[in-house]
Amino acid sequence: MERTYGNWRKPVSPGIGRLGMLGTGILMLGLVTIALSAMVSLWAAVIAAVVLGVVMLPLVVQDRHGRTALQAATARIAWWRGRSRGWHLYRSGPLGITVRGGHRLPGLMAASRLVEAQDSYGRPFAMVMIPSTGHYTAVFECAADGAALVDQDQIDTWVAYWGQWLASLAFEPSLVAASVTIETAPDLGYRLQREVEGNVDPNAPELARQTLEEITRTYPAGSAQVSTRVAVTYSAAPRPGAKRRTMEEMAREIGTRIPGLTANLAMTGAGTARPMTATELAKAVRVAYDPDAQSLLETLGDEEISWDDAGPVAAQEYWDRYVHDSGVSVTWGMSEAPRGEVLSNVLTGLVSPHRDIARKRVTLLYRPYDPGAAAKIVERDRKDARFRISGAQTAARDAVAVAAADQSAREEAKGAGLVRFAMLVTATVRSVEELSLATAAIDTLAPPARVQLRRMYGSQASAFAAALPLGIVLPDHLQVPAMVREAM
């Protein structure tokens, strides 16, 4: 019998119906106000009831993704405000109006820095620093084995070790997030050509030479390049309110942890994992913003590129898309994880290359809880789930949610880890005319993956950057406090 996976759930705050804790509190306060107003005047009670209805309506109305009308209106207002201030435009280079004399990354990564250090094995690794949050990120390049012609028992073993690797992140001091990015793009053949030319024996037979030349000329046609990158993000402050550590201290600490993290990744099916150098990471980001630069950068070989030149020359954010240099991208976010149980190959179609999408990037974002917080969260989630079935009428979904919350609490008590996760999917094409095909392709790939994807309207630039392996922890960049977001 093939093994299945599941039991992930989205914790909700206790409340009445669709209302969260904040909405329920507003409703209770409004009802008390109406009752007190009725003692004074009937008209005052009617006016209070009308006001309460107007306030509650945006909190009750939701779309199929669970987003309330208040959240949609807030996003639209924030978009109009940013557009009126020109925040959706970016121009760099000598004639740039935003950044002069360089091509730095836009948006959330504008103030980022890239330095190179060495780990305990003496290997150079790139470290991305974001000053606003005090986060430092190291990125690993993985040679994923793939599931083709692999026994199901081996795949289940890989999945089990991947779960252990994620659970172990909770015991990593100062680690705040991790991400896995699977990117597919056309293979131009330059890497194969350099590899063949560097290993050809001058005394090889002519027939062998001709065969290799034909292979390097014909093999890349129609093939795809699949890149797998894992990013781990650490905080410079060991705990909230603590003094931030310096860049040198963070480089030493991350450098000592990289060998252990990369060694454990080998058991998850990620293959050989090695830290990316500063030049490799800068080139990967440059190609993401300027797809036409891929051929130029691959022909340059090992020539260095600075972080100040990794960004686009020009970028412009629209409500539903993001235009950057030679590419046009659309990013979707996962609004709901697969319901029920799924097989280990549920995401195979979503992460595989597609002929209608020039470059596709699927990023899984993880934020582990420490063991102490995980125990409190699962117990609180268990109580909140039971609160929703305390009424006379109980929906079947609420009963299933209680069973899932109970199982999560039992597994956590036995030593399992608790991880928050999200997914971003970015499709990049060469022109606006090709967007319709790319959008249709993602809409076709999402249902077999059992995930609900929602286009990130009004935040395409930020979502595009977050899908890159750069260690952007989106909740730390939001202006709405976390407690208010959870209560809504």
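How far apart do the end C-alpha atoms of residues 42–61 lie, and how much of the span is helix or strand? In this predicted model, the two end atoms are 28 Å apart, and the span is 95% helix and 0% strand. The points below cover the record for this stretch, a nonpolar surface patch and the nonpolar cores.

**The annotated spans**
- An unreviewed UniProt entry gives the annotation "transmembrane region" to residues 16–36 and 42–61.

**The nonpolar surface patch**
- Five residues form a nonpolar patch on the surface: Leu-22, Ile-26, Ile-47, Val-51 and Val-55.
- Together, these residues have about 390 Å² of accessible area.
- Helix H1 (21–40) and helix H2 (42–60) are the elements that each give two or more residues to the patch.
- H2 provides the largest share, with 3 residues.
- Val-51 is located in helix H2.
- The relative accessible area of Val-51 is 47%, so Val-51 counts as partly exposed, a class that lies between buried (under 20%) and exposed (over 50%).

**The nonpolar cores**
- In soluble globular proteins, nonpolar side chains tend to be buried together.
- The largest nonpolar core here contains 51 residues, and Val-232 and Ile-254 have the most contacts inside it.
- Helix H7 (residues 247–265) supplies the largest share of this core, 7 residues.
- Another core, of 35 residues, lies apart from the largest one; among its members are Val-287, Ala-288, Ala-315 and Ala-466.
- When neighbours within four places in sequence are left aside, Ile-254 is in contact with Phe-125, Met-127, Tyr-136, Ala-138 and Tyr-234.

Note on methods. Residues numbered from 1 in each chain as written. Predicted model: local features only at pLDDT ≥ 70, side-chain atom pairs only at ≥ 80, totals over all residues. Heavy atoms only, no water. Patch = residues over 30% accessible without salt bridge, like charges linked within 9 Å, V, L, I, M, F, W, Y side chains within 5 Å. Areas by Shrake-Rupley, 256 points an atom, 1.4 Å probe, with all protein chains shown as cover. Salt bridge = Lys/Arg side-chain N within 4 Å of Asp/Glu carboxyl O. Helix = DSSP H or I, 4+ residues; strand = E, 2+ residues; numbered from the N terminus. Buried < 20%, exposed > 50% of the residue type's maximum accessible area, 1.4 Å probe, protein only. Core = buried A, V, L, I, M, F, W, Y, C linked by side-chain atoms within 4.5 Å. Contact = heavy atoms within 4.5 Å. UniProt positions renumbered as here; feature names shortened; annotations may be inferred.
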